[in-house]
Structure formats: structure tokens, C-alpha cells
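Student: I am new to this structure and would like a close look at a single part of it, together with whatever that part is joined to. Could you take me through it slowly, in one connected answer?

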Amino acid sequence: MIDLKGVILAAGEGRRCRPLTQTRSKVMLPVGNRPFMEYVIRALAANGIEDIYVVVGYQKERVMDYFEDGIDFDVAITYIEQNELLGTAHALLKAEQYVDEEFLVVNGDNLIDKRAVNELVSAKGDNVILAALRRHTGDYGVLIVDNGLVTEIIEKPGRPCSGILNTGSYKFTPDVFDALKQAPISERGSYELPETIMQMIKEGTQIVPLITKGIWADAIFAWDLLNANSLALGMDEPKIMGDVEEGAMIKGPVHLGEGSIVRSGSYLVGPVSIGEDCDIGPNAVILPSTSVGDSARIGPHSEVRNSILMNDARIGSGCIISDSVIGASCTLRDQVVVETGSCVVEIEGVFQRAEFGAILADDVSVGARVLASPGTVVGTKASISSGAAIRGTINRDSRVIC
Ligand SMILES: CC(=O)N[C@H]1[C@@H](OP(=O)(O)O)O[C@H](CO)[C@@H](O)[C@@H]1O
């Protein structure tokens with residue numbers, strides 16, 4: 001254990017990941033069968049950081065019920081509530097009374113590994129931003145660096161640009177709290193950490209950028225979870241703990257949780273992670289890179305590829321699903337087909353170009369023989385009747401009758 005404390009920012013909803021965040025915050029979205037924030041906590045714990053302060057807000061009960069006091073993750077968690085969601089600077093200020101020495105701040109809704117956290121722990125300099133080089137940085141804080149120091153942060157410029165992005169993980173001294181108290185309100189109407197850092201730079205504080213060689217990934221939109229999922233699947237050692245019936249074939253890194261069964265004739269090619277108490281097959285095909293949550297069912301002759309199925313998802317027989325996210329407790333009856341391809345999706349009033357199959361929020365019910373076009377996004381508890389052809393955005397609680 002080291003003295004360094006960790007603060008995790010976990011209060012925001014993650015609006016651009018809607019509709020998946022209608023029922024949970026982005027920190028609880030699963031990749032590789034674990035919520036984003038579990039990777040953050042594991043990476044801190046692996047570096048001996050055991051005192052962790054988690055700033056919670058939107059859907060906080062789900063975070064607190066899952067992580068409890070942190071004991072199962074070898075850390076001690078104190079929850080701090082941010083009742084008004086006024087931005088990352090406002091969130092961090094809530095932690096002031098708990099830290100009196102150098103400390104780390106990590107976004108709770110990113111995938112990060114122990115190497116990246118270790119780089120931050122051992123970084124020289126009092127104020128350090130963990131950065132990443134990427135080809136597309138327009139949706140992030142973009143760092144302008146000169147002479148080994150950050151000179152400017154341009155927050156979410158929106159236009160396509162490549163360069164160095166702010167990962168949202170930092171090492172600070174408690175002096176940051178004085179700056180946070182003077183944080184200006186941003187163009188987006190909230191108090192944002194990058195703006196505070198800009199103020200610090202103007203007042204002469206040196207901010208060191210540290211480009212990570214570790215794993216770091218974010219999901220801006222719901223479909224970006226597929227990429228993060230594929231990275232996350234490479235981070236764990238897979239184990240077969242459930243039953244594999246004779247005649248089933250398992251190739252590559254496949255994790256099968258306790259109480260799960262893969263029935264005869266099924267064909268699984270890793271990386272694949274299947275949770276506990278799942279029932280797969282007979283004759284189901286699961287291809288890379290797929291995560292299947294606990295108590296899920298994939299019926300006979302169904303094929304799932306490059307997808308996330310959350311807990312209790314039920315897929316009937318003869319379904320074809322690829323490049324898709326299927327929320328918790330969704331039911332897809334027989335012969336549902338999700339087409340995949342390029343599409344344009346409206347998220348929070350902005351049109352985004354993307355390439356995926358479908359995003360289904362929790363508790364969606366899909367009848368038999370439904371055909372979903374690429375880029376179909378379905379809100380929580382919507383229900384689609386058998387035989388329908390669906391496309392575009394379907395709002396929560398709506399009914400599609402064909
Ligand atoms: C206001 C703020 O803190 N912005 C940060 C933060 O954005 P969010 O949209 O709040 O997740 O995390 C990004 C990394 O995920 C980082 O690039 C950006 O600068």
C-alpha cells in the first residue's frame with residue numbers, strides 16, 4: 001500500500017451513451033463483462049492505492065450497490081455525493097476535505113490498466129495529465145504542448161483533429177482546490193476541470209503531459225463500447241469454469257463463468273467472455289469479440305459476433321446479431337436479424353456517422369422475425385411486434401406494431 005489516495009469521478013450520466021444510460025450511469029456500462037469503473041478500481045488497487053473516494057451522482061445506488069465498501073476489490077471506498085451535476089471541477093471540489101497530499105484523479109467511465117496508472121503514480125512533476133495520442137481527438141479535451149508542458153487545453157473542439165488528448169486522469173497537489181474554487185463556468189454551462197487547469201497554467205503552474213503506453217479507452221457513444229469491449233477482453237486471463245458439453249468446440253481465449261453451460265454443437269471463437277449461469281446452444285455460434293453477461297440465454301442456431309449482451313438477455317433460436325449492444329433483460333424471440341453497416345444516428349440532437357448493428361437499452365422486447373437495419377437504436381422497455389422491420393431511433397416505452 002502507498003499513501004497516495006485516488007479520487008474517481010463517477011457522477012455524470014454519460015448522455016451521449018444514451019439510451020444505455022437511461023438506467024445506469026456510464027461508469028456502470030459493461031465491457032469485457034465488468035463495468036468500466038471496475039477496471040479503474042483494479043488499476044488503482046494494483047498500484048497499491050487503497051483509499052479511494054468516489055464522487056457519485058446520477059444513478060448512484062447502482063454504483064454503490066455494486067462496489068459497496070470496496071472490500072471485494074481490495075480497496076476502501078468512501079462515497080461523496082455530488083447532488084447537482086455541475087461538471088468535473090465541481091465534482092472534484094467535493095473531495096477537498098479528504099485529501100491533504102498529492103493524489104490521483106481518474107475518470108470512472110474509461111477503460112484504464114495498471115500500467116497507465118503506474119505511469120501517473122511514478123510521474124515527475126506535481127501536476128500531471130495522463131494523455132494519449134489518437135487520430136480522432138475532436139470529442140475530447142485536446143492538449144497543446146510546448147517544451148514539455150501543457151500550454152492550452154481545447155475542450156471538445158468538435159471538428160476532426162488528431163493529436164494529444166486528455167484522458168481525464170491526473171496527479172495533483174491539494175493546491176488544485178484553490179483553483180477549483182475559482183473555476184469559471186464553461187460555454188457548456190458547467191464547471192470543468194480542463195478550464196480550471198487552464199486557469200492554473202495562466203497563473204504559472206506547470207502542467208506536465210504524460211503520454212501513456214498503457215491501455216486507455218473511452219466510449220463517447222454507445223456503439224464505441226464495442227471497441228472498448230474488444231480491448232477489455234484482452235485484459236483478463238480467461239478460464240472455463242462452467243460446463244462444455246461433448247460436441248461443442250471452443251477455440252481461442254474463451255471465459256465461461258460458473259454455472260454456465262455450452263451445449264453440444266456450439267462453436268465459440270475467442271476472445272469471448274460468458275458470465276455465470278448462462279445457457280448457450282445447442283448449435284449456437286459465438287464469434288470474436290463478444291461478451292455475454294450473467295444469466296443470459298442464446299438459443300439454438302443463433303449467431304452472435306462482436307457484440308455485448310448484458311445480464312439476463314434472452315436470445316431465441318436462429319437469430320443473427322453482430323456489432324450490437326443488447327441491454328440487460330432484453331428478450332429477442334426467434335429469427336431476429338440485425339443487419340450491420342454504416343449509418344447516421346442522431347444523438348442528443350447531433351447527427352453522427354457510425355458503423356454498427358443495433359443498440360438496445362434494457363428490457364426491450366423484440367418479437368419473432370424482426371429485421372433491424374444498421375444503426376437502429378431502441379430505448380428502454382420498448383416493444384417491437386413480430387415481423388416488424390425497424391430502423392432509426394425508437395423511443396423508450398414505445399410500441400412498434402407491424
Ligand atoms: C470537462 C472534462 O472534464 N472533460 C474531460 C472529460 O470529458 P467528459 O465528457 O466529461 O467525459 O474526459 C475526457 C476523457 O474521457 C477528457 O478528454 C475531457 O477533457
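Tutor: A residue is called buried when its relative accessible area is under 20%, exposed when that area is over 50%, and partly exposed in between. Please keep in mind that this is a predicted model. The part to look at closely is the loop between β1 and β2, and the residue to begin with there is K26. K26 counts as buried because its relative accessibility is 7%, which falls under the 20% limit.

The side chain of K26 meets the side chain of D218 in a salt bridge, with 2.8 Å from N to O. D218 lies in the loop between β13 (216–217) and α7 (225–233) while K26 lies in the loop between β1 and β2, so the salt bridge ties together parts that are 192 residues apart in sequence. D218 has a relative accessibility of 16% and therefore counts as buried. Separation along the chain can also go with separation in space, as K26 and Q206 illustrate: they are 180 residues apart along the chain, and their C-alpha atoms are separated by 31 Å.

The loop between β1 (5–10) and β2 (30–31) also holds R18, whose partner E348 sits in the loop between β31 (341–347) and β32 (350–356), so that this pair links parts of the chain 330 residues apart. The side chains of R18 and E348 meet in a salt bridge of 3.3 Å, N to O. R18 is partly exposed because its relative accessible area is 28%, and E348 counts as partly exposed because its relative accessibility is 36%.

A further salt bridge, between the side chains of R297 and D279, spans 3.1 Å from N to O. Here R297 belongs to strand β23 (residues 297–298) and D279 to strand β20 (residues 279–280), and the two residues are 18 apart in the chain. R297, at 21% relative accessibility, counts as partly exposed. Returning to R18 and E348, these two residues are joined with E13 and R15 into one network by salt bridges that share partners. Over the whole structure, a search finds 18 salt bridges.

With the loop described, we can turn to a few other places for comparison. Helix α1 (residues 36–46) is largely enclosed by the rest of the structure, because eight of its 11 residues are buried. The buried residues in α1 are F36, M37, E38, Y39, V40, I41, A43 and L44. After α1 comes G48, which has a positive phi, near 80°.

Charge on the surface can be seen at another place, where E61, D65, E68, D69, D72 and D74 gather in a patch of negative charge. One of these residues, D65, is found in helix α2 (residues 60–67), and D65 counts as exposed because its relative accessibility is 57%.

A last place to visit is N166 in strand β11 (residues 163–172). N166 counts as buried because its relative accessibility is 8%. The side chain of N166 makes a polar contact of 2.9 Å with the side chain of Y170, and a polar atom of the N166 side chain lies 2.8 Å from the backbone nitrogen of G168.

To return to the loop between β1 and β2, where K26 lies, the picture to keep is of a buried lysine whose side chain meets that of D218 in a salt bridge.

Notes. Residues numbered from 1 in each chain as written. Predicted model: local features only at pLDDT ≥ 70, side-chain atom pairs only at ≥ 80, totals over all residues. Heavy atoms only, no water. Patch = residues over 30% accessible without salt bridge, like charges linked within 9 Å, V, L, I, M, F, W, Y side chains within 5 Å. Areas by Shrake-Rupley, 256 points an atom, 1.4 Å probe, with all protein chains shown as cover. Salt bridge = Lys/Arg side-chain N within 4 Å of Asp/Glu carboxyl O. Lys, Arg positive; Asp, Glu negative; His and termini not counted. Charge placed at Lys NZ, Arg CZ, Asp CG, Glu CD. Helix = DSSP H or I, 4+ residues; strand = E, 2+ residues; numbered from the N terminus. Buried < 20%, exposed > 50% of the residue type's maximum accessible area, 1.4 Å probe, protein only. Polar contact = N/O pair within 3.5 Å; in protein donor to acceptor, adjacent residues only side chain to side chain.
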